[in-house]
Amino acid sequence: MASLTLPRPQGRFADLPLAIKSILGFWFFYFATVMLRAVVIGQGINEILLRRSAGILVGVALTFMMYFALRLFADRANLSRMITVAAIAGVPAALLYSAFNYNAFLVYEPLVQRTVVVQRSQAPLTAEELQKTLAQGQRAVQVDARQLLMREAPRTIADGAVTWYFFFAAWASFYVAMSAGNQLRKAERRASEFERAAQASQLRALRYQVNPHFLFNTLNSLSSLIMTRREEEAERMILGLSNFFRSTLAIDPTADVTLAEEIKFQMLYLDIEKARFPNRLNVETNISDELRSARVPALLLQPLIENAIKYGVARAKSVVTLGIGAREEEGRLILTVENDDGAGDRSEPLHGTGVGLANVRDRLLARFGDAASCRYGSTQEGGFRVTLTMPLVRNG
């Protein structure tokens with residue numbers, strides 16, 4: 001039969017605080033029930049308190065012995081072995097505790113040390129025979145009760161051990177269950193940490209994919225300006241590139257930024273492209289003040305705007321309007337990036353690899369899961385629009 005294996009814990013006695021709490025809790029509950037019973041039946045509280053306190057201390061000690069047996073002979077990573085060791089260790093614990101109770105509360109208790117009556121024959125009697133003799137009203141003489149009780153010790157101790165075994169087994173079951181639960185929770189936390197680390201690594205990889213793509217396009221643009229001897233425009237582009245990288249390279253790739261910061265980064269990039277297309281690029285933004293504090297993944301819009309420049313502005317012969325918009329809809333943030341068709345006059349057919357859209361889609365999936373989406377397609381006016389939907393997070 002296959003056994004259930006739990007995550008291997010750190011340190012053999014790492015869960016000692018749990019054991020202490022469970023043992024003291026179990027015996028305190030037992031003590032409380034004994035005291036409550038004494039009050040109900042009218043026994044002397046002081047007498048019960050004195051007699052049971054010693055018994056509880058012994059019980060606590062025996063339960064700790066069970067705990068140390070579990071730690072020494074059972075690996076917490078193997079639940080079946082823990083149960084087996086607990087079942088075996090409960091037997092001597094129950095026998096020892098039953099023997100202590102028998103000797104402490106029967107043989108050596110002051111009331112029992114007095115004499116009792118037995119029949120005249122002085123023959124060895126069991127406790128049942130003694131009760132039957134007294135019930136029949138037979139003549140009796142006085143003898144020492146201790147001798148009689150010692151003859152009954154094996155049977156009485158064994159009988160009591162059965163009851164106490166279930167008490168120790170109940171503690172062991174509780175402890176094993178709590179220990180296993182703690183380990184599973186720790187395993188879940190570790191798995192969650194690993195998942196977050198993997199997600200952060202994925203986000204970093206996707207985030208760093210943006211910069212080489214952007215840098216490649218920008219260097220191509222600079223090369224074109226230099227080859228056509230447009231030195232002033234090339235200088236402005238280099239200055240804009242410097243400002244852009246100074247602002248964006250310090251960002252944590254896995255962090256979110258406000259929508260206002262994201263738009264600021266994109267405007268720095270668009271300043272670079274305006275140097276390249278001074279007469280063909282028109283930028284419009286439609287973002288309310290209430291949404292500027294919304295949180296979005298840093299540079300999420302970068303690949304979309306690059307695509308709009310590459311496949312819209314660069315291929316058109318007339319002015320192309322690039323629009324960036326944001327709106328709230330049922331607790332979600334809707335971002336749009338679109339461009340018109342440049343008066344419908346392109347010099348080359350539209351085609352591309354889809355790297356930018358795939359990057360944005362993967363980043364949304366890694367950050368928000370199924371709660372986010374990326375839709376794109378041509379507009380009725382002949383342009384192209386990308387719509388991003390994600391949970392609306394403020395100051396998160």
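**Cores, strands and spans in a predicted chain**

The chain has 10 helices and 9 strands, taken as DSSP runs (H or I of at least four residues for helices, E of at least two for strands) and numbered from the N terminus. This is a predicted model, where local features need pLDDT of at least 70 and side-chain atom pairs count only at pLDDT 80 or more, while totals for chains, interfaces and linings use all residues. Residues are numbered from 1 along each chain as its sequence is written, and side-chain values use heavy atoms, with hydrogens and water left out.

Me: How much of the chain counts as buried?
Reply: Buried means under 20% relative accessible area, with exposed over 50% and partly exposed in between (1.4 Å probe, protein chains only). Of the 396 residues, the share that counts as buried is 41%.

Me: In the largest nonpolar core, which residues touch the most other members?
Reply: A nonpolar core here is a set of buried Ala, Val, Leu, Ile, Met, Phe, Trp, Tyr and Cys residues joined through side-chain atoms within 4.5 Å. The largest one holds 51 residues, and the top two for touching other members are Leu388 and Met390.

Me: And which helix gives this core its largest share?
Reply: That share is 8 residues. They come from residues 259-276, which is helix α8.

Me: Which residues of β7 does Leu388 touch?
Reply: Strand β7 covers residues 332-339, and 6 of its 8 residues are buried. Leaving out residues up to four places away in sequence, the contacts of Leu388 (heavy atoms within 4.5 Å) include Leu300, Val360 and Cys374. Within β7, they include Leu333, Ile334 and Leu335.

Me: What stands opposite Val337, and in which strand?
Reply: Two strands pair if DSSP finds at least two bridges between them. β7 pairs with β9 (residues 384-391) in the antiparallel sense, over 8 bridges. Opposite Val337, in β9, stands Val386.

Me: Which residue in the hairpin of β6 and β7 takes a positive phi?
Reply: β6 (residues 320-329) also pairs with β7 in the antiparallel sense over 8 bridges, with Leu322 opposite Asn339. The hairpin has 2 residues between the strands. The positive phi, near 55°, belongs to Glu330.

Me: How far apart are the end C-alpha atoms of residues 18-41?
Reply: UniProt, in an unreviewed entry, lists 18-41 among its "transmembrane region" spans; positions follow the numbering used here, feature names are shortened, and annotations may be inferred rather than shown by experiment. In the model this span is 100% helix and 0% strand. Its end C-alpha atoms are apart by 35 Å.
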